[in-house]
Amino acid sequence: MIVAEQKPLDEIRRMLGPYERVLIVGCGTCMTVCNAGGEREVSFLHSALRLAQAKSGDGAHAFSEYTVKRQCDPEFLDALAEKVGDVDAVLSLGCGIGVQAIAERLANVPVVPGVNTSFMGMAKELGVWDERCAACGDCRLEETGGICAITRCTKAILNGPCAGTKNGKCEANKDMDCGWILIYKRLEQLRQLDKMRRYYPARNFRAIPRPRRIVVNKGSIANAGEGNA
Amino acid sequence: MPNSLFEEKLNSNGFLVTTEVGPPKGTDIAEMVHHIDSFKDKVDAVNVTDHQSSVMRFPSLGGCLLVKERGGEPILQMTCRDRNRLALQSDLLLAYSRGITNVLSLTGDSIDVGDNKEAKPVFDLDSVQLLKMMKTIESGADMGGNPLKGAPKFCIGASVHPEADLIEPQLIKFEKKVAAGAQFFQTQGIFDLASLRRFMQYASQFRTKILAGIIVLASARMAKYMNDNVPGITVPQATIDELASAEKGKGLQKGIEIAARMIKTIKEENLCHGVHIMAVGNERVVPNILEAAQLDGGHH
Amino acid sequence: MHSAVRDEFHKSRADRFEKSPDHSLMPPCQDACPLHMDVREYVDLVAQGKIMEALQTIRSGNPFPSICAYVCTHPCEEACRRCQVDKPIAVRALKRFAVEFGGDRVIRAEAQTTRQEKVAVVGSGPAGMACAHYLRKLGYPVTIFEAHSELGGMLRTGIPQYRLPRKVLDTEVERLTRMGVEIRTNTRVASLELLFDLGYKAIFITIGAHQGLRLGVEGEESPGVIDGATFLREVSLGLKPSLGSKVGVVGGGNVAIDAARTAARLGASNVKIIYRRSRQEMPADAAEIELALEEGIGIMFLVAPTRIGREKGELAVTCVRMELGEPDARGRRQPVPIKDSEFNENFDTLITAIGQAPQTPANFRIRMGRGSTIQVDPVTLTTNRVGVFAGGDAVTGPATVTEALAAGRLAASRIDDYLQHRYPLTGAGRQVLASDLLPKTVEMIRKTSRLEPPILAPEKRAKDFEPVELVYDWEVAVNEARRCLRCGVGAEILFQDKCATCLMCLRVCPYHVPYLDASGTIQIPADQCLACGICVAECPARAIVLRKPYDRRQITEELEHIFRSGTEPKLNRLVIGFCCQYGLFGTGSLAGLWKRAKAGIRILPVLCVAKVEAEHMLRAFEMGAEGVFIAGCGSQCAREDTASWVSQRVAKVKKTLAEIGLEPERLQTFFPDSTGVDPATELDRFSEQISGLHLATVMKKEVAR
């Protein structure tokens, strides 16, 4: 799922600088799961902002809170549109998708991001998330025993490992495993080491070129709404 | 038909000696030129490193031009970290046009170990794909399949890590590089000749030349630092202890001694096809090592 | 602040999460209790040290709590799910503690007469007394008719004073009088028609079961053979029958044990109980059996008398050994004599206590059932005669005091239905928590010993009729009450729409209670959750509440209260402390902290600091607290992992404080730990530290209200 981290408080305050009435909007899906922007975090951030304001004496902010089920589908934002009648800005704790979805929906209200969307990843254990997918658009997990060379190798090479691997860890971050050693071990376990002996030619970096769109059922989503307006 | 002096030497049966020079972090190339002059005639070829350890420097291609100017035989080190396939192919066209035809293909150290940590890591290709790409443009077309107006020709090399703690993945990669056309290999630093022997037992089946990488250490502290921070280097405790046993101020002396000793053994016992001396930051002592190993002037 | 946004602000604060409903399940203790007492509630109040509130809860369900405190057979303890972990909560002893410390002896029960219809209660045992009590509260004029000279029935004549002190009983009787119940002692009711003629509109027959059953053996009429219930009655009247030194008691119920222990106290030096089945089948209360054995009373199991003769001034009782044969219709294995196993025992006195039956006058014309008991409709307690109700031992045969109280209470409401021409509805049953704890949950519960109330040593006991069981010390009572698992008030995902199935609750629960069902939905089974509150405070979507969420409301409301009453002058350096109420009395060390809290420190009691959320801590600072501390029980908490989750939340708030530019030292935790640092001393140090920080001068603006 999408994992994010809340931005530092002073950065958020700086971005909110000019706005008086701010609605803090949380997201009830990914951001709740990774503890970055669910209802509880919205409430905590609200308190922290008010406390910070009192401490520093600046910022004429008045805050309110609202958490939607998801920010990334237009239907969930209908109720939000009703709440922003007299609000000067929205502080969204949704991922980058959510911030933009709200911005697209509320044409005249500025939207400020409250989290840094980090990656698509999974929970290893409580409180620990690891990136797993880079959305390269050209998934070759079959070749590498189900371990992604793009996200688990810091250099994202397809004919690995490089010479920097030491004790199964990566030269760039000794706490992280070398992706290619993981791939090697797994292919060995699956008795598919021949896949590692193959030559893999250079990646197609434009498998899905940006700006990206996927269309399913032509005539329905493609014709609905503003798109990349 | 062989393309370069170095390639000729490769195809002969002589003991090969190469070394490397690291370009300056700036425009002042005087010291680099001085080093090139000091050993260009004593070795078979001089590598110029490409932003080694991801530190931004004067370019490798520029350094190779200087080697050529000074009358030496350059090996262009080319990493995949900083340039995409267009830039890499383009640089190779320039290199060939200036008579720089020995190329060492490397993936490149990660951005994190360098001094511009916020840079974008490119890695459009990896070292194996770079070897293949060189073969492709040699055949007169670029990677996109487009015909070239004038095709280059190279003597292609790559690197290998015989002292890796887990050897089989490195061997798999080595074979891929040989299959992709690597004519010579300069290894990562060798400290334990037994592992070199084991590696050569396996590598000698392939039609490619192996030059053992010899790192010149100046102190125990430098050895430990390299262990922790430089990718691909693992200095064993015995070597660190030997360095530590040197008198104060005589660390580099000791390092030279260790290096020369290893080179002599490799040559005498014909362990592999040659050595590649890496005196990182201490290029001035390369002549001393060559002398101590009785390699200066004797072989070509 | 613009009014529209302020309204928004208040609306979002007063959201559904703060005021969720009561979805608690009835715990097995309450279900097992004949009176359906809210055991969980009063045990929890004792754990909190709120003894008066505990007593109030007890009194709301039980008209004579002090009687039950002494003699209830505590079916709640048998049903207590703590049995599956170690030993059940000592509920009865806790009730006794509440009753004694709460001063249940205060007599204060007036009632008004608001009805015309007179009701007659025939018999003044617990059923009769309870019925009278409740009818009186409903406003009916009530008369109790009691054949003996004093009220109480078996309470007075059957239960010895070392189990139920006389003055406790007398106090309850006095209360009935104060309520305005008319009492006619020494009045045996001869006919029901007479009562109706006297104007009574309804009659409750509760004459108990006093007629001792006969052994049915030769020589039963011999002098020296006395009926057990009669014996106890005589003793209760102050008589001291001479028993000699060797006394035998035939029977295995509580009457037999009572008779044996009474005989010992009257001077019999060698008392033996003869029981025809084994110890497992003995119907007497297990604790009573144990006490009897401690007092030197012998029990001969699987023995029955076959003949009683007299020989040299003693009773010569021929006994035969028994073995257990096939089970009878009710599943009890029938004892069968072993051939040729007769032996003789000599006694000075033989007391028979093999059961009692009611003696209903024939002219009542009441339909009878098995064992001379009165037949009634189980729902309405009506007999075959209109307007005539019955309950207690007279209907059930010898049973417990609490069952009789329940019958009396039910009878009162049924009589009320009858007199007001209401249809006797049975009422919707509340959902009962029935199942056992799963092994994986039991494994995580820390095993603790049951803290028994102090008991007089056997040597001291058998001399007189002073109560054998003493009362808990305060701290012991609180700690015994803290063992309660709080069945049925655990967490539930109230707002399923908000749940993102993030698995936080599943991962943080120390008891591994939440699980993913087949459809990928998180379930928190109500019958496994121990209500520690960790998942409630950690759920990122705030979708989980406790089924009886007094705690969360309490914390937020308390904070709001401090906020609104915020007339604290800025000079007074307000410090707010969230302190565990259970630990206040339970750990002792927190008590020191509370007492030392000086002016400027506002203690906010919480029911376990696990419920204090990061938002609460921040909110306290928002309200102007200069320092905030959390004082919990640490490793002495009755639940696992609570201290570590609190510490994690504290770390998060400290980080935010630092980001804001406030000193992280303003927030501290105090847990009593093994290093022995006294939390009270730490609090002093903390207060001093805070006074050096001068938040009031640092804050440029008041926090927006």
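These legends describe close-up views of a predicted model.

**View 1. Chains A and C meet across a shared interface.**
On one side, 36 residues of chain A make contact. On the other side, 47 residues of chain C take part. Of the 2 pairs of chains in contact, A and C share the most contacts. Together, chain A and chain C bury about 3,700 Å². Carbon and sulfur atoms account for 58% of that area. Three residues, A:Arg40, A:Phe44 and A:Lys55, supply 22% of the area that chain A buries against chain C. That is more than any other three residues supply.

**View 2. Charged and polar pairs link chain A to chain C.**
The interface of chain A and chain C holds 6 salt bridges. Look for the one between A:Arg40 and C:Glu615. Their closest N and O atoms are 2.9 Å apart. Polar contacts between the two chains involve 14 residue pairs, with both residues at pLDDT 80 or more.
Which elements of chain A give two or more residues to the side that touches chain C? They are helix H2 (30-33), helix H3 (39-56) and strand S3 (62-68). Helix H3 of chain A gives the largest share, 15 residues. By type, the residues on this side of chain A divide into 12 nonpolar, 13 polar and 11 charged.

**View 3. C:Phe629 sits in the largest nonpolar core.**
This core has 178 residues. Which members touch the most others? They are A:Met31, C:Phe578 and C:Phe629. Helix H16 (residues 401-419) of chain C gives the core its largest share, 8 residues. Now focus on C:Phe629. Leave aside its neighbours within four places in sequence, and its contacts include C:Val575, C:Ile576, C:Phe578 and C:Leu593. Also among them are C:Ile601, C:Ile603, C:Phe670, C:Leu683 and C:Phe686. Not every partner is nonpolar by name: C:Gln668 is in contact with C:Phe629 too.
Apart from this core lies another, of 69 residues. Its members include B:Leu88, B:Val178, B:Phe185 and B:Ala279.

**View 4. Chain B and chain C stay apart.**
These two chains do not touch. How far apart are their nearest C-alpha atoms? The distance is 25 Å.

**View 5. Two cis peptide bonds occur in chain A, at A:Pro161 and at A:Pro211.**
One cis bond joins A:Gly160 and A:Pro161, with omega about -5°. A:Pro161 lies in the loop between helix H6 (149-152) and helix H7 (179-189) of chain A. Another cis bond joins A:Arg210 and A:Pro211, where omega is about -5°. A:Pro211 lies in the segment after helix H8 (194-197) of chain A.

**View 6. B:Gln294 and C:Cys608 have positive phi values.**
B:Gln294 has phi near 55°, though this residue is not glycine. Find B:Gln294 in the segment after helix H11 (286-292) of chain B. Is B:Gln294 buried or exposed? Its relative accessible area is 57%, so B:Gln294 is exposed.
C:Cys608 has phi near 85°, and this residue is not glycine either. C:Cys608 lies in the loop between strand S22 (601-606) and helix H25 (614-622) of chain C. Is C:Cys608 buried or exposed? Its relative accessibility is 4%, so C:Cys608 counts as buried.

Notes
Residues numbered from 1 in each chain as written. Chains lettered and ligands numbered in written order. Predicted model: local features only at pLDDT ≥ 70, side-chain atom pairs only at ≥ 80, totals over all residues. Heavy atoms only, no water. Core = buried A, V, L, I, M, F, W, Y, C linked by side-chain atoms within 4.5 Å. Buried < 20%, exposed > 50% of the residue type's maximum accessible area, 1.4 Å probe, protein only. Helix = DSSP H or I, 4+ residues; strand = E, 2+ residues; numbered from the N terminus. Contact = heavy atoms within 4.5 Å. Buried area = accessible area lost by both parts, 1.4 Å probe. Salt bridge = Lys/Arg side-chain N within 4 Å of Asp/Glu carboxyl O. Polar contact = N/O pair within 3.5 Å; in protein donor to acceptor, adjacent residues only side chain to side chain. Nonpolar A, V, L, I, M, F, W, Y, C, P; charged D, E, K, R; others polar.
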